[in-house]
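Subject: Structure for your files

Hello,

Here is the structure you asked about. My notes on what was found in it follow below.

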Amino acid sequence: MSVAQEHPEPVPETSPIAVYTPNHPLPGGGPGGGPDGALPEAAAEAGRNRNPYLAYLASLDSAESRTTMRGCLDRIARLLLGDDIHGIDPKTGGKAPAARTGLGFPWHVLRAEHTIYLRARLDEQVARDPKTGEERPWSHTYRNKHLTALRQVIKWAWRLGLSSAEEHARAADVPPFKGSREPAGEHIEPERVGALLDACDAHLDAPEPDHARRAELRQAALRDAAMIEVLYATGVRRGELARLALRDYDPARRSLHVRGKGNKDRRVFLTHSAASRLNTWLAERGSDPGGLFPPFTPRPQRIRRPGAGGTIDHLTGQTVSHMLTERAEQAKTARSTAHDFRHTVIGELLNAGVDLATAQALAGHASPATTARYDRRAEDVRRAAVDRLSPPPTKART
């Protein structure tokens, strides 16, 4: 949608940016192409899309990144417009059907006073546990992710000629939130992974009277077991797993070519067990190009091949999460996330004595400090030191 087609919602008088909007309307942009409209329509449309929100999201490498940062920008826009940050309708308590997003927000009018105000509001935000109702402050990393989105959309406003370099520099000069936390994720015991694989294997020869349904269960079981083994052997991110293509697998080297964050490539290696599971799945999948782990069509369940040419489709990261949840329910074990697998693999590599540089390369971390946070050896040393302390004397112990 072009900016010319997008009409921003009226800014409430109580909004901290209300004073700026009359003199700084959202740019519309003309049709382009000069007086005779000589430019092709595609180029003319690009000229109309002078929207920092759209431009920033289009610059991101992956669909998952675009979804994440779009959510950050939408929440920022609601905060500055005085709406509920999550787009909740106060009357119904449910999601507002027309909750405002950042698409029509006048990002180019933001100044230093607005970004400092926003930082203070982000510092107040809490997340509610849906199970317990407990409220916890947003983590510093989550708040900083919103500040990153803010800085980038302001930068794009400057790049598109909607604000001056000085205005951009002042507005973007907002300090990050400081803090540290342990890496997300929990350690997965081998028995738990085994239970997930057993749940898959139970469907290989399921006592299903319908032949077509039995074939569907077998196909899904082979794919899911291979995905679980690859996660447990490599610790790849869920988005990285979803993006893998058949051409990324080298069976002779037992390796996968992974495209990670920032479009950085790396090579990871499979255990013999993971390679065996993957080869079994590929015998079922076939040799057509496309996604290594494809989604399935609704029943009748078949490997999804969008468009012409029969190229096999790719999963989404969210589908990977759904698969792990479903298999955990079948195995009657605790749910594990893809990041739990990542946490486990990196920790096990370091505990096994693998040097930090090698573990960093396999994990695809930009900094060795990030990888070092997964090292549990220091924790074991500290625990052993505490165990040497004598307990306080009591009557029961004397």
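**Two residues with positive phi**

At 28% relative accessibility, R254 counts as partly exposed, because that class covers values between 20% and 50%. Please keep in mind that this is a predicted model. R254 is found in the loop between strand β3 (249-250) and strand β4. Its phi is positive, about 50 degrees, although R254 is not a glycine. Most residues other than glycine have a negative phi.

K332 is another non-glycine residue with a positive phi, here about 55 degrees. K332 lies in the loop that joins α11 and α12. With a relative accessibility of 77%, K332 counts as exposed.

**The chain as a whole**

The chain contains 15 helices and 5 strands. Of its 398 residues, 40% count as buried. If one takes the contacts between residues at least 6 apart in sequence, 63% of them join residues at least 24 apart.

**Nonpolar cores**

In soluble globular proteins, nonpolar side chains tend to be buried together. Here the largest nonpolar core has 43 residues. Those with the most contacts inside this core are I228, L241, L256, L278, W281 and F293. Seven elements are listed as supplying at least two residues each to the core: α7 (190-201), α8 (211-234), α9 (238-243), β4 (255-259), α10 (272-285), α11 (317-331) and α12. Of these, α8 gives the most, with 10 residues.

F293 is one of the residues with the most contacts inside the core. Leaving aside neighbours within four places in sequence, F293 is in contact with R223, A226, M227, V230, L241, L244, L278, W281, H314 and L315. There is also a second, separate core of 30 residues, which includes Y56, M69, I76 and A149.

**Helix α12 and its partners**

Two contacts of α12 are worth going through, one with α8 and one with α13.

The axes of α8 and α12 come within 7 Å and cross at roughly 40 degrees. On the α8 side, the residues that meet α12 are I228, L231, Y232, A233 and T234. They meet A338, F341, T344 and V345 in α12. By class, this contact has 7 nonpolar residues, 2 polar and no charged. I228 also appears in the list of residues with the most contacts inside the largest core.

How do the axes of α12 and α13 cross? Helix α12 (residues 338-351) and helix α13 (residues 356-363) have axes that come within 9 Å and cross at roughly 160 degrees. Angles over 145 degrees count as roughly antiparallel, so α12 is roughly antiparallel to α13. The crossing of α12 past α13 is right-handed. R342, I346, L349 and L350 in α12 meet L356, A359, L362 and A363 in α13. The residues of this contact divide into 7 nonpolar, no polar and 1 charged.

**Three basic residues**

Is R223 buried or exposed? R223 sits in helix α8. Its relative accessibility is 8%, and R223 therefore counts as buried, the limit being under 20%. Not counting residues up to four places away in sequence, R223 touches W281, F293, P294, P295, F296 and L315. Two of these, W281 and F293, are listed among the residues with the most contacts inside the largest core.

R237 is in the loop between α8 and α9. At 17% relative accessibility, R237 also counts as buried. R237 and K261 are 24 residues apart in sequence, and their C-alpha atoms are 9.4 Å apart in space. Apart from neighbours within four places in sequence, R237 is in contact with K261, R266, R342, A363, G364 and H365. Of these, R342 and A363 also take part in the contact of α12 with α13.

K178 is in the loop between α6 (165-172) and α7. With 81% relative accessibility, K178 counts as exposed. The C-alpha atoms of K178 and N144 are separated by 8.8 Å, and the two residues are 34 apart along the chain.

Regards

Notes:
Residues are numbered from 1 along each chain as its sequence is written. This is a predicted model: local features need pLDDT of at least 70, side-chain atom pairs count only at pLDDT 80 or more; totals for chains, interfaces and linings use all residues. Side-chain values use heavy atoms; hydrogens and water are left out. Axes are lines fitted to C-alpha atoms, for helices over the stretch in contact, and angles run from 0 to 180 degrees between N-to-C directions. Helices (H or I, at least four residues) and strands (E, at least two) are DSSP runs, numbered from the N terminus. Angles under 35 degrees count as roughly parallel, over 145 as roughly antiparallel, 65 to 115 as roughly perpendicular and the rest as oblique. A crossing is left-handed if the near helix is turned anticlockwise from the far one by less than a right angle, and right-handed if clockwise. Contact means heavy atoms within 4.5 Å. Ala, Val, Leu, Ile, Met, Phe, Trp, Tyr, Cys and Pro count as nonpolar, Asp, Glu, Lys and Arg as charged, and the others, Gly among them, as polar. A nonpolar core is a set of buried Ala, Val, Leu, Ile, Met, Phe, Trp, Tyr and Cys residues joined through side-chain atoms within 4.5 Å. Buried means under 20% relative accessible area, exposed over 50%, partly exposed in between (1.4 Å probe, protein chains only).
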